[in-house]
Amino acid sequence: MTYVFAMPLASIIDPGYKIALFLHILAVVLAFGPTFGYALFFSVAPQHPRATPAILAGVERCDRYLVNPGMVVLLLAGIYLLIDGDWDESPPFISVGFVAILVVFGLQHAFLQPQTRKARELAERDLKAGDSL
């Protein structure tokens, strides 16, 4: 089955649609872009083990101020685009997008954030005790 996606009429007439589309794309970049840098942060941990708690605290802060709000804006802008746009039938990318953002929300709050917090606490504890990481 082939889908032909014509640009919705709302994008030509309604400036609100264009603003929502801009916010939707910006939210993707701001929410998920920094997560690709985490590997670079952790690549210095073996050479500087005392920096590990600070690296993990930076990851927590990035999650709190970029990833989580970005995912909320992404979801809300996506819902607005769906409502305001001229989508006759629901293309698969819309359903997949909603399922994906809900799964990422669940993973972020149920697994990733608690594990990062636990790792930071363990790193701080080990360094205070004089152990190595």
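A residue counts as buried when its relative accessible area is under 20%. R120, with a relative accessible area of 19%, is therefore buried. The model toured here is predicted.

**First selection: R120 and its partners**

Select R120 together with E60. These two residues form a salt bridge whose closest N and O atoms are 2.5 Å apart. The bridge connects distant parts of the chain, since R120 belongs to helix α5 and E60 to helix α4, 60 residues apart. Both R120 and E60 are buried.

Add E124 to the selection. E124 also forms a salt bridge with R120, here with the closest N and O atoms 3.4 Å apart. E124 and R120 are both in helix α5, four residues apart, or about one turn of the helix. E124 has a relative accessibility of 29% and counts as partly exposed.

The whole structure holds three salt bridges. To see another of them, select D126 and R125, where the closest N and O atoms are 3.0 Å apart. D126 is buried, at 18% relative accessibility. Shared partners join E60, R120 and E124 into one network of salt bridges.

**Second selection: the nonpolar core**

Next, select A27, A31, Y38, V59, C62, V67, M71, L74, L75, I101 and F105; these eleven residues constitute the largest nonpolar core. Two or more of its residues come from each of the elements α2 (15-32), α4 (52-84) and α5 (92-128). Helix α4 gives the largest share, six residues.

Centre the view on V59. Beyond its neighbours within four places in sequence, V59 is in contact with Y38, F41, F42 and T116.

**Third selection: the aromatic pair**

From there, display the rings of Y38 and F41. The structure has one aromatic pair, and the ring centres of Y38 and F41 are 6.2 Å apart with planes at 35°, so this pair is tilted. Both residues lie in helix α3 (residues 38-43), three residues apart, about one turn of the helix. Y38 is buried at 13% relative accessibility, whereas F41 is partly exposed, with a relative accessible area of 39%.

**Final selection: the nonpolar surface patch**

Switch to a surface representation and select I19, F22, L23, L26, L30, Y65, L66 and V73. Together they make a nonpolar surface patch of about 720 Å². Helices α2 and α4 each give two or more residues to the patch, and the largest share, five residues, comes from α2.

Finish at L23, which lies in helix α2. L23 is partly exposed, with a relative accessible area of 37%.

Conventions: Residues are numbered from 1 along each chain as its sequence is written. This is a predicted model: local features need pLDDT of at least 70, side-chain atom pairs count only at pLDDT 80 or more; totals for chains, interfaces and linings use all residues. Side-chain values use heavy atoms; hydrogens and water are left out. A nonpolar core is a set of buried Ala, Val, Leu, Ile, Met, Phe, Trp, Tyr and Cys residues joined through side-chain atoms within 4.5 Å. Buried means under 20% relative accessible area, exposed over 50%, partly exposed in between (1.4 Å probe, protein chains only). Contact means heavy atoms within 4.5 Å. Patches are made of residues with over 30% relative accessible area and no salt bridge: like charges are joined within 9 Å, nonpolar side chains (Val, Leu, Ile, Met, Phe, Trp, Tyr) within 5 Å. Accessible areas come from the Shrake-Rupley method with a 1.4 Å probe; for residues, only the protein chains shown count as cover. A salt bridge is a side-chain nitrogen of Lys or Arg within 4 Å of a carboxyl oxygen of Asp or Glu. Rings of Phe, Tyr and Trp (its six-membered ring) pair if their centres lie within 6.5 Å; planes under 30 degrees apart count as stacked, over 60 as edge-to-face and the rest as tilted.
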